Amino acid sequence: MRPIRIFLSRIREFFSERRANREFDAELHEHLRLLAERFEQKGMSPKDAADAARRQFGNAALVQQRQREARTYLSPGELWRDARFGARMLRKHPGSTAGVVIALALGIGMNTCVFTFVNTLLLRPPAKVKSPGELRELWERSNHSSGLGGYLPLSYADYAYFRDHVRSFSGLMAFDGDSEAVLWNRSGQGDVVRAEFVSGNLFSVAGVDIPLGRAFTPQDDQPGNPRPLVILNNSFWRQRLAADPAIVGKTMMLNGIEFTVIGVAPPGFVGLVAPEVPDFWTPLSMVERTLHDPGRMSNRNSYWLLAEGRLAPGASTRSAEAEASVLAREIEATHPDTNKDLGAALFAVGPLPGPARGYVAAFTGLLMIVFGLVLVIACANAAGLMMVKGSGRAREMAIRSALGAGRGRLIRQMTVESLLLSLLAACAAIAFAAATSRALLRLVPSNMPLSIHVPVDLRVLVFTFAVALLTGIAFGALPALRGTRVDPVHVLKEELQAGGYRSSRMRNILITGQVTVCALLLFGSTLCVRSLLNANSINPGFETRNIATAQLDPGSLGYSDAKVKLFYRDLTARMRALPGVSSVSFVNHLPLDAAREDTGVIPFGSTQSKESALPVDVFRVAPEYFSTMGIPMLRGRDFTPEESDRNDDVIVINDTLAVKLWPGQDPIGQKVKVGDAKTASEVIGVVRTGKYRTLGEQPVPVLFRLTMPAQRVIVVRTLARPDAALDWIRRETQAVDRNMAATQLQTIADFMSFPLFPARATGLLLGAAGVLALVLTWIGLFGVISSSVAQRTREIGVRMAMGARRTDVLKLVIRQGMIVTAIGLAIGIGCGLAAARLLRALLYGIRPDDPATLAGVLVGLAAAAMLACYLPARRAMRVDPMAALRYE
Amino acid sequence: MDEKKSEVLQGTLDLMVLKTLYAMGPLHGFGIARRIEQLSEDVLQLNEGTVYTSLLRLQQQGWIKSAWGASENNRRARFYSITKQGQKQLERETQNWERFAGVVGRVLRLERQG
């Protein structure tokens, strides 16, 4: 009770300081005047009376000072004085100031950098949306599978059922989670733009105002009567349509359909999930016509819609989830074939789809821990530097304390100085983080349909300054407590040595801790980076050089099958005729791309039921696909052009499938039933197994067949570097058909950066953390040894005068450094081994106690430490005994 | 400065100020100092400035409150008065003091034995 009252009173006084001071001064003045009056009445002269009054009153200045100090914790005036004095002190030692600021800025900056990504991927609500806190994502969840794979987006039928029956939401909207590439025909030129299909109520439920034109209405989005309307992304309208103010009502040719522009979205609105940014929005019901995908709306097996609802007044997440689960059971009852064991789950809205957020959070959390450790090292460095400076300032502290400054006052001064340093570091850290995250984004492959902005917003600023504040207190506390414990009498008599030893012991503990954390970090990050390198060096099963690829879709122009065939025949002929091209082929989608097609196979004639069919991945290819991609043919032969023309029922399989179906037999000539086909498909060739879904996968059985869709990927094998071939594809496509445009033109190396991106980015970050930790620790060790050599100059001089050889001195200094290094290494590696066991599941092709990594970290750190000790030791060796002794 | 001594001194000054305010009603700082001076009969050498430190302490604890008013000769002055809590505190402190003084007194009355 009493401490609280005093606390509140002091806080109150903080804000009324000036007036209170003025009033108190008046009070004292009046008191003195009254006293003096009394003395005058006793017959004193006015001057004597005033003196007597002051004597009787005591030290008025001291009373005023006490009053000010007791009244509030830290008066603004004093704080300002401390800050100014602190700034002056920091300017006086530019070297150590810069050292501390740089170390901290790197440490804080890396954390800020990771946080900007956390913020962008997990925290920032969608822009321009009204009260995003009320929105919830609705997912279907399979009761069988766990984790990310257990969550499904909705089919249109399920979405419509939820939308029409749910009461806990005042509105339920839906949109296609992946934006789709469509061809925009503009005065005869094809151009690829991105479309997002959205429900008619999306803009009204999300509360997004349309500044130009109007929003969609549910009437615009009737499955039976789709209207070709678009709302444009504001930046698309500005950049590609020159912000045409009369755009509403004009038409655009998209995938061969005439769409009418009815509105332009407000600037900043880019949809409900990051990071895909569409160029325009169009009603859901247009999806079938636009993408030539009949049945998308009615197919209950097509899970493509992300649904978000706005909680109705009075509804809670829990009640809404309960209601959605009931509705899910109702759907299950009427459609047991598709919706068996499908429940419902709600998530708060965020930049990423709800189910994915947990994984991203775990991953970024791990990075935060790693960079948190780097920051700990940076803190230890800063504390070490502050202590060196502190022992240099012992005289100053002693004088101030002799003049009456209390210890609290001195600690405050030191704390203000470290906070100043950490705030400076925070400013530098923000600039550093902004630059680093931009550099990291440059790693994102250009073919990734992402546009991530990692803005430094208020949340990032608050995070950074909070971390800086904590850091300032953490690294400032120890030096402040140590540095202010001065005995003026001793210090002023220049007996500095005693204090020096104490502080050097403390610094030894600090540096040991630094080496410990550094060893732990280096060991952990080396393991992770090596594991990533292992994963990356996996052979994908096809050549990753001298191949150019591009996406083609004459179907989007509404061409007939015959016209599509003609287009591809002409294009193939023209490409083959080019001198730099060695072969040309097509595939429906590249392996390791996001797309997938699978089916089941049964050996023909077997009595196996359809349920027990072997699941396989399917690729549809043209002749020469294997030779173009450099996939080795193990047995049999490739498809012939004639077979391809007739779409014969012949297949090529990989050896994984061959072994599974016919272990120990020759698969050539064997027959299988593929999917629901009535007829048999004959195996004509076996190719070596590659990687199809992810680089880390176990061997997947795959079959290659003919019957290609209109949308294909062209693969062109070149004699030299494939970059020029991208232009050839573009040129020849236009030459064959002026309305066609090849999209996603990229070399196979560019394409491979897509599956490799996560590993590369992680490896880079962990590598940076390791290097940073090493450099900071090295500087810390170097600093400690140098200053200890400087302190012991006299001792070394005495030793040499007594006959110690230079090598003895060298040993003396190096031993000091190596003892702390050895202790730190031992603890660090111990912790590292323990921590690595937790990483076991994440490591690929490397044991958590990999001896080479262990040895590398040990030897590397020891060598670095040796160098850090050797440089100051060499200086110590050169000490001239006479000079050292005379100096005192 | 020896801390122990000042603490005792501090506590007693607070007690005296409280008692004075209790007995005399609202007073300004100068008045309190005069009253204590009168009663101490030159036994206590009081630095009058410390009265103000004591007043601030008491005020922060909520035992006294202050208000601006006019002094006898019509000058603006801050008048301090004791609060309800202050009276309770005074009671407690008085008992403490008496117990303490009693003990000290008994100890001091001890005759030399043997």
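**Close-up views of chains A and B**

**View 1. Overall make-up of chain B in the predicted model.** Chain B exposes about 7700 Å², and carbon and sulfur atoms supply 53% of that area. Its secondary structure comes to four helices and three strands, which follow one another along the sequence in the pattern α-β-α-α-β-β-α. Of the 114 residues in chain B, buried residues make up 39%. When contacts in chain B between residues at least 6 apart in sequence are considered, 48% of them join residues at least 24 apart.

**View 2. The surroundings of B:S81 in strand β3 of chain B.** Strand β3 of chain B spans residues 76-82 and contains B:S81. The relative accessible area of B:S81 is 17%, and this serine therefore counts as buried, the cut-off being under 20%. Once neighbours within four places in sequence are left aside, B:S81 is in contact with B:L21, B:P26, B:I64 and B:K65.

**View 3. The crossing of helices α6 and α16 of chain A.** The axes of helix α6 (residues 94-123) and helix α16 (residues 458-483), both of chain A, come within 9 Å and cross at roughly 145°, and the crossing of α6(A) and α16(A) is right-handed. On the side of α6(A), the contact is made by A:V100, A:L104, A:I108, A:N111, A:T112, A:F115, A:T116, A:N119 and A:L123; on the side of α16(A), it is made by A:R459, A:V460, A:F463, A:T464, A:V467, A:A468, A:T471 and A:F475. The residues of this contact divide into ten nonpolar, six polar and one charged.

**View 4. The largest nonpolar core and the contacts of A:F475.** The largest nonpolar core holds 68 residues, of which A:L104, A:I108, A:F371 and A:F475 touch the most other members. The elements of chain A that give two or more residues to this core are α6, α13 (354-392), α15 (407-442), α16, α18 (497-536), α24 (748-791), α26 (806-839) and α27 (851-877). With neighbours within four places in sequence left aside, A:F475 is in contact with A:V100 and A:L104, and also with A:C379, A:A382, A:A383, A:M386, A:S418, A:L421 and A:S422.

**View 5. A second, separate core.** Apart from the core of the preceding view, a second core comprises 45 residues, among them A:F162, A:V182, A:I257 and A:F259. As general background, nonpolar side chains in soluble globular proteins tend to be buried together.

Key. Residues are numbered from 1 along each chain as its sequence is written. Chains are lettered from A and ligands numbered from 1 in the order in which they are written. This is a predicted model: local features need pLDDT of at least 70, side-chain atom pairs count only at pLDDT 80 or more; totals for chains, interfaces and linings use all residues. Side-chain values use heavy atoms; hydrogens and water are left out. Axes are lines fitted to C-alpha atoms, for helices over the stretch in contact, and angles run from 0 to 180 degrees between N-to-C directions. A crossing is left-handed if the near helix is turned anticlockwise from the far one by less than a right angle, and right-handed if clockwise. Contact means heavy atoms within 4.5 Å. Ala, Val, Leu, Ile, Met, Phe, Trp, Tyr, Cys and Pro count as nonpolar, Asp, Glu, Lys and Arg as charged, and the others, Gly among them, as polar. Buried means under 20% relative accessible area, exposed over 50%, partly exposed in between (1.4 Å probe, protein chains only). Accessible areas come from the Shrake-Rupley method with a 1.4 Å probe; for residues, only the protein chains shown count as cover. A nonpolar core is a set of buried Ala, Val, Leu, Ile, Met, Phe, Trp, Tyr and Cys residues joined through side-chain atoms within 4.5 Å.
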